[in-house]
Every structure is written in structure tokens, then in C-alpha cells.
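Work through the following exercises with the sequence and the structure side by side, and try each task before reading its solution.

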Amino acid sequence: MYSAQPEFSAYGPSHWAAIALFVAGSVFLIWAGRRQTEAQARHLSRALGGILAVIYGSAVLYSLSSPTLGGSVPLQLTDLATVSAIYALWSHRHWPFALTYYWGLVLSTQALISPALAGPDFPGYEFLAFWAIHCQWPRSSPRRRPVVLPAGGHGFSPVAASCFSPPAF
């Protein structure tokens, strides 16, 4: 099928632009997150969660418009991480924060370094949805002082024990 848009290529100009935007957005959110009050942080967190929910919801609806087994079954780890990030941003509970933090630490880094994007380049829908979803990690980590890259809200730290407790025998 012929497409007027060029295909995305890893380490092409659009990939470098997405990385630059990711870094600039992360730096901005770290700077802004450190200057917020508790109420401002909660409002920003919920706004970012709402934006991410709209982006993710539209991506799922678009993938269901022409259903295929490979593209319409939303059972990828990215889908679970995105739902967890939305819940973490909205609720500020520890378990979705820890889950999102650790998944994002590995998965968002992998998506930045080696994107598995087979589709049109910018401004294609798949390109925009891919980068909007995969660059959500620093925005979904509510912590005033950044541990690695997270920015946003207040009062959480990614402690493994806050995610799951071992069963008592």
C-alpha cells in the first residue's frame, strides 16, 4: 500500500526530535514540580492523568476502528503500564506508582533507545500515539525530588515493598 508519508526510521530526525522533547519536558516538569504546593501538584497530576487517559482512549478506539488480531487486542505490557500510570496520576496511591515507576524505568528507556514503531513518520497518528504513550513515564511518577527522571507531584518514593507484600506462610 502506497503512503504519501515517509516511514519512521530509528535515529532519524523525528526520533531525535522526540528524544529532545522528552528530555526538555522532563527537565521542565522536574523544575515545575519542585516549586508546587501540595494542591497544585495534585491538580497537575490529575490534569496529566486526564490527558494521558484521553490519548490512550483515542488510541484504543482508533485501533478498534479497523480490527486486526495484531493491532486491536490491547494486551501489551505498554497498555497495562499506561492504565497503571493513569491510575497513579489520578489516585496518588503507592502501588500503581511503584508499578509504573519500575515498568517505566525499563520500558520507556527501551522505547526511547530502540522504538518498535512500524508506521508513518511525523505527523502520523501512530507516531504521535507511540511517543505520547511511551514518554509518559516521568510525568506519571508523583515525587517532589526526582530519583532518576520522575517529576510531578509530592511524597512518594518507589520502594519495592510498596508495590506488593510477600505472602505470609
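In the exercises below, a patch is made of residues with over 30% relative accessible area and no salt bridge, and nonpolar side chains such as Ile, Trp and Tyr are joined within 5 Å. The model is a predicted one.

**Exercise 1.** Describe the helices and strands of the protein chain, and the order of its elements.

*Solution.* Begin by counting the elements, which gives seven helices and zero strands in the protein chain. Then follow the chain from the N terminus on, where the elements run α-α-α-α-α-α-α.

**Exercise 2.** Find which residues form a nonpolar patch on the surface, and place I113 in its element.

*Solution.* The nonpolar patch on the surface is formed by Y11, W16 and I113, which together have about 350 Å² of accessible area. Turning to the element, I113 has its place in helix α5, which covers residues 94-113.

**Exercise 3.** Decide whether H92 is buried or exposed, and say where H92 is found and what its side chain contacts.

*Solution.* First locate H92, which is found in the loop between α4 (77-91) and α5. Next compare its relative accessibility with the cut-off: buried means under 20%, so H92, at 8%, counts as buried. Finally, look at the side chain of H92, which makes a polar contact with the side chain of S45 at 2.8 Å.

**Exercise 4.** State what share of the residues in the protein chain is buried, and how much area the chain exposes.

*Solution.* Of the 169 residues in the protein chain, 41% are buried. The chain exposes about 9,700 Å², and carbon and sulfur atoms supply 71% of this area.

Note on methods
Residues numbered from 1 in each chain as written. Predicted model: local features only at pLDDT ≥ 70, side-chain atom pairs only at ≥ 80, totals over all residues. Heavy atoms only, no water. Patch = residues over 30% accessible without salt bridge, like charges linked within 9 Å, V, L, I, M, F, W, Y side chains within 5 Å. Areas by Shrake-Rupley, 256 points an atom, 1.4 Å probe, with all protein chains shown as cover. Salt bridge = Lys/Arg side-chain N within 4 Å of Asp/Glu carboxyl O. Helix = DSSP H or I, 4+ residues; strand = E, 2+ residues; numbered from the N terminus. Buried < 20%, exposed > 50% of the residue type's maximum accessible area, 1.4 Å probe, protein only. Polar contact = N/O pair within 3.5 Å; in protein donor to acceptor, adjacent residues only side chain to side chain.
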